[in-house]
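Welcome! Open the structure in your viewer and keep the selection tool ready. We will go from stop to stop, choosing residues and looking at what surrounds them.

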Amino acid sequence: MPNFTRKAIKDTFIDLLNDRPLSDITVKDIVETCGINRNSFYYHFRDLPALIEEIVEEEAESIIAKYTSISSISQCLDAIIEFSSHRKRAIMHIYRSVNRDVFEHHLMNVSEYFVRQYVHSIFADEDIPEETQNTIINYYKCVCFGLTLNYLAEGMPEGQVEMIREMLEIQKSKALEIAKMIKKE
């Protein structure tokens, strides 16, 4: 029964978050909509930020599990954008709230995971030092993270994703070229 209640709380919260900003949602709103008492909420979650943390973490884990391999930097971005826009309205409400740091933390982790997958795949047959690979991973992780934050800040316009994807494809060959230059030094 506790897992059912926990899931009901999360689902109710997401439904509410799709309808209104986070600042307009209280524990009272959740328990009344969910049909439980406050003690049941606090049995499962310390507070609203703990609830948000769990939901965002589950979304991050879900998107990571969905992509077992990454073949391009554009695919990295696609996965990161999918994480950022799966529950578009709810994500925007979290992004525009004081709990934005929770989302950003997981966005950075998702960005690093996908970029690391990609970099390891393109350097699989190359003798590139791990330090150089980590430098490239950090660069592209920050690029994807920053581009995704900009995408969110602008309200997730559809055309922007394609423009970002094109920019990343132009840079795609640069990673290997840079790594080979560094290796020669």
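Start by selecting Tyr-42, which is partly exposed, with a relative accessible area of 37%. Keep in mind along the way that this is a predicted model.

**Stop one: aromatic rings**

Now add Phe-41 to the selection. Is Phe-41 buried or exposed? Phe-41 counts as buried, because its relative accessible area is 0%, and buried means under 20%. A pair of aromatic rings is described by the distance of the centres and the angle of the planes. Across the whole structure, a search finds six aromatic pairs. One of them joins Phe-41 and Tyr-42 in an edge-to-face arrangement, with 5.2 Å from centre to centre and 85 degrees between the planes.

Next, select Tyr-113 and Phe-114. These two residues also form an edge-to-face aromatic pair, at 5.1 Å centre to centre and with 75 degrees between the planes. Tyr-113 is partly exposed, its relative accessible area being 27%, whereas Phe-114 is buried at 0%.

Before moving on, go back to Phe-41 and Tyr-42 and add Phe-45. Together, Phe-41, Tyr-42 and Phe-45 make up one aromatic cluster.

**Stop two: helix H2 and a neighbour from H1**

Select residues 27-34, which form helix H2. Which residues of helix H2 are buried? Colour Val-27, Asp-29, Ile-30, Val-31 and Cys-34 to see them. Just after H2 comes Gly-35, and its phi is positive, near 80 degrees.

Now pick Thr-12, which belongs to helix H1. With a relative accessible area of 11%, Thr-12 is buried. Leaving aside residues up to four places away in sequence, Thr-12 touches Ile-30, Thr-33 and Cys-34. Two of these names, Ile-30 and Cys-34, you have just coloured as buried residues of H2.

**Stop three: the cavity**

Rolling a probe the size of a water molecule over the atoms shows where empty space is left. How many cavities of 30 Å³ or more does the structure hold? There is one, and the largest cavity contains about 60 Å³ of space.

To see its lining, select Phe-13, Ile-14, Leu-17, Ile-55, Val-56, Glu-59, Arg-87, Ala-90, Ile-91 and Ile-94. The elements that each give two or more residues to this lining are helix H1 (2-19), helix H4 (48-66) and helix H6 (88-95). Sorted by character, the lining has eight nonpolar residues, no polar ones and two charged ones.

**Stop four: a loop residue**

From Ile-94, look for Asn-99, which sits in the loop between H6 and helix H7 (100-122). Asn-99 is buried, with a relative accessible area of 12%. Not counting residues up to four places away in sequence, Asn-99 touches Leu-22, Pro-49, Ile-52 and Ile-94. Ile-94, as you saw, also lines the largest cavity.

**Stop five: Gln-75**

Finish by selecting Gln-75 in helix H5 (residues 73-85). Gln-75 counts as partly exposed because its relative accessibility is 22%. What does Gln-75 touch, not counting residues up to four places away in sequence? Its contacts of this kind are Tyr-67, Ser-69 and Ile-70.

Zoom in on the side chain of Gln-75: one of its polar atoms lies 2.7 Å from the backbone nitrogen of Ser-71. Last of all, add Tyr-118 to the view. Gln-75 and Tyr-118 are 43 residues apart in sequence, and their C-alpha atoms are 8.7 Å apart in space.

Terms used: Residues numbered from 1 in each chain as written. Predicted model: local features only at pLDDT ≥ 70, side-chain atom pairs only at ≥ 80, totals over all residues. Heavy atoms only, no water. 1 Å grid on protein atoms, 1.4 Å probe; cavity = no way out; pocket = protein on both sides within 12 Å on 5 of 7 lines; lining within 4 Å. Points joined across faces, edges and corners; volume = space filled by probe spheres on them. Helix = DSSP H or I, 4+ residues; strand = E, 2+ residues; numbered from the N terminus. Nonpolar A, V, L, I, M, F, W, Y, C, P; charged D, E, K, R; others polar. Buried < 20%, exposed > 50% of the residue type's maximum accessible area, 1.4 Å probe, protein only. Contact = heavy atoms within 4.5 Å. Polar contact = N/O pair within 3.5 Å; in protein donor to acceptor, adjacent residues only side chain to side chain. Phe/Tyr/Trp six-rings, centres within 6.5 Å; stacked < 30°, edge-to-face > 60°.
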